[in-house]
Amino acid sequence: MLYALARPLLFALDPEAAHHLALRFSGLAGLFAATPPASPVRVMGLDFQNPVGLAAGLDKHAEHVDALASLGFGFLELGGVTPRPQPGNPKPRLFRIPEAQAIINRYGLNSVGVDAFVENLKKRKTKTVIGVNVGKNKDTPNEKAAEDYEICLEKLYPHADYVTLNVSSPNTAGLRDLQSAQALSALLARIKVRREKLREQHGRHVALALKIAPDLDHAAIHDIAEAARRAGIDGIVATNTTTDRKGVAGYPQAEEPGGLSGAPLRQRATDIVGALSRELKGEIPIIGVGGILSGADAAEKLDAGAALVQIYSGLIYRGPELVSECVSACLAKSRTASSASR
């Protein structure tokens, strides 16, 4: 109800200004947010309060962790963060398409850098599971990208529960080339070695996830699944934003460059989750994200094979009530599946 009153004001503002204002008041919203039903799940070796998480991209700098946790999320994925600070792309770089419940962003991994990010993360009080999405700096060539991911992993290791390797943002030139079979295998092999050393050094396990694009064919999905298996990846986040514009064709700002999220991405993201699930056969859990604007959308991702789900654009259009709605739908789905298996 509170968000329904605030949304017209927020949507009257520049989207990026509204983004920052909403984050600033997210703690207040948490005071009025419905408490989701208890729905604990264990995935990637981690215990989640519930299976509904915040997708990366909302709290890019880990500045609002406790406030966002108060909305009832079972986990938060923060970032993306890069080794060195970078401003991202010039403004404007965020666009709403309300007619389609969609968002286009071309932030370009704007980041305070991993050192400042870690200092922000240290201030959190919440015990909610924390994941951090990491990427390479814009000026780092792909042949040296592994070094950037290693730097982020090393600095975040004592402070995160899982780290997601982002090789799928459409807003960093050439980044998606790292999803190719050869490049991804080489990257994951190096990260696997570094993770093992860090696990011995710190005496704790930090899960590794991989975030992939929705704009992949079946051969690419197969190659990604095989590379993830070989590297011992703990989870795959499916999916990032899309460069496809079929779902928003003809709407104002639809042709703005960047990644499209929201309702038009739902079916494609679900299809990728399903295809990936068939490839992985339960060996690696999937975090389903893309176009979740209702509890039914969240349950659909579970039906397709996801173990956890994440929301972002849906939070912009629906507000905090979406979190509890999705948790309830996931819980109902889990109970139905449990009853059917007896």
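## Helix α2 and its packing

Contact here means heavy atoms within 4.5 Å of each other. The model is a predicted one. By that criterion, the buried residues of helix α2 pack against three helices and a strand, namely α1 (2-12), α3 (26-32), α4 (65-69) and β5 (94-97).

Helix α2 covers residues 15-24, and its buried residues are P15, E16, A18, H19 and L23. Viewed down the axis of α2, these buried residues fall within an arc of 160°, so they line one face of the helix. An α-helix has 3.6 residues a turn, so residues three or four places apart point the same way. At the start of α2, the backbone nitrogen of E16 has a side-chain oxygen of D14 within 3.1 Å.

## Helices α8 and α9

Helix α8 spans residues 218-231 and helix α9 spans residues 266-280. The two pack with their axes 9 Å apart, at an angle of about 50°. Angles from 35 to 65 degrees fall outside the parallel and perpendicular classes, and α8 and α9 are therefore oblique to each other. The crossing of α8 past α9 is right-handed.

On the α8 side, the residues that meet α9 are H218, I221, H222, A225 and R229. Their counterparts in α9 are I272, A275, L276, E279 and L280.

## The loop between β5 and β6

E99 and Q101 both belong to the loop that runs from β5 to β6. Leaving out residues up to four places away in sequence, E99 touches Y251 and P252. V52 is 47 residues from E99 along the chain, and the C-alpha atoms of E99 and V52 are separated by 26 Å.

Q101 has a positive phi, near 50°, although Q101 is a residue other than glycine. With a relative accessibility of 33%, Q101 counts as partly exposed.

## S168 in the loop after β8

S168 sits in the loop between β8 (162-166) and α7 (181-202). Its relative accessibility is 0%, so S168 counts as buried, the cut-off for that class being under 20%.

The side chain of S168 reaches the backbone oxygen of K211 at 2.8 Å. K211 is also among the residues in contact with S168 once neighbours within four places in sequence are set aside. The others in that list are L175, R176, Q179, I212, A213 and N240.

## Cis peptide bonds

K91 and P92 are joined by a cis peptide bond, with omega at about -5°. P92 lies in the loop between β4 (75-81) and β5.

The peptide bond from A238 to T239 is also cis, and its omega is near 20°. T239 is found in the loop that connects β10 (235-238) with β11 (259-262).

## K281 after helix α9

K281 is placed in the loop between α9 and β12 (286-289). Phi of K281 is near 50°, a positive value in a residue that is not glycine. K281 counts as exposed because its relative accessibility is 64%, and the exposed class begins over 50%.

Note on methods
Residues are numbered from 1 along each chain as its sequence is written. This is a predicted model: local features need pLDDT of at least 70, side-chain atom pairs count only at pLDDT 80 or more; totals for chains, interfaces and linings use all residues. Side-chain values use heavy atoms; hydrogens and water are left out. Buried means under 20% relative accessible area, exposed over 50%, partly exposed in between (1.4 Å probe, protein chains only). Helices (H or I, at least four residues) and strands (E, at least two) are DSSP runs, numbered from the N terminus. The arc is that of the directions from the helix axis to the C-beta atoms. A polar contact is a pair of N or O atoms within 3.5 Å; within protein, one must be able to donate a hydrogen and the other to accept it, and residues adjacent in sequence count only if both atoms are side-chain atoms. Axes are lines fitted to C-alpha atoms, for helices over the stretch in contact, and angles run from 0 to 180 degrees between N-to-C directions. Angles under 35 degrees count as roughly parallel, over 145 as roughly antiparallel, 65 to 115 as roughly perpendicular and the rest as oblique. A crossing is left-handed if the near helix is turned anticlockwise from the far one by less than a right angle, and right-handed if clockwise.
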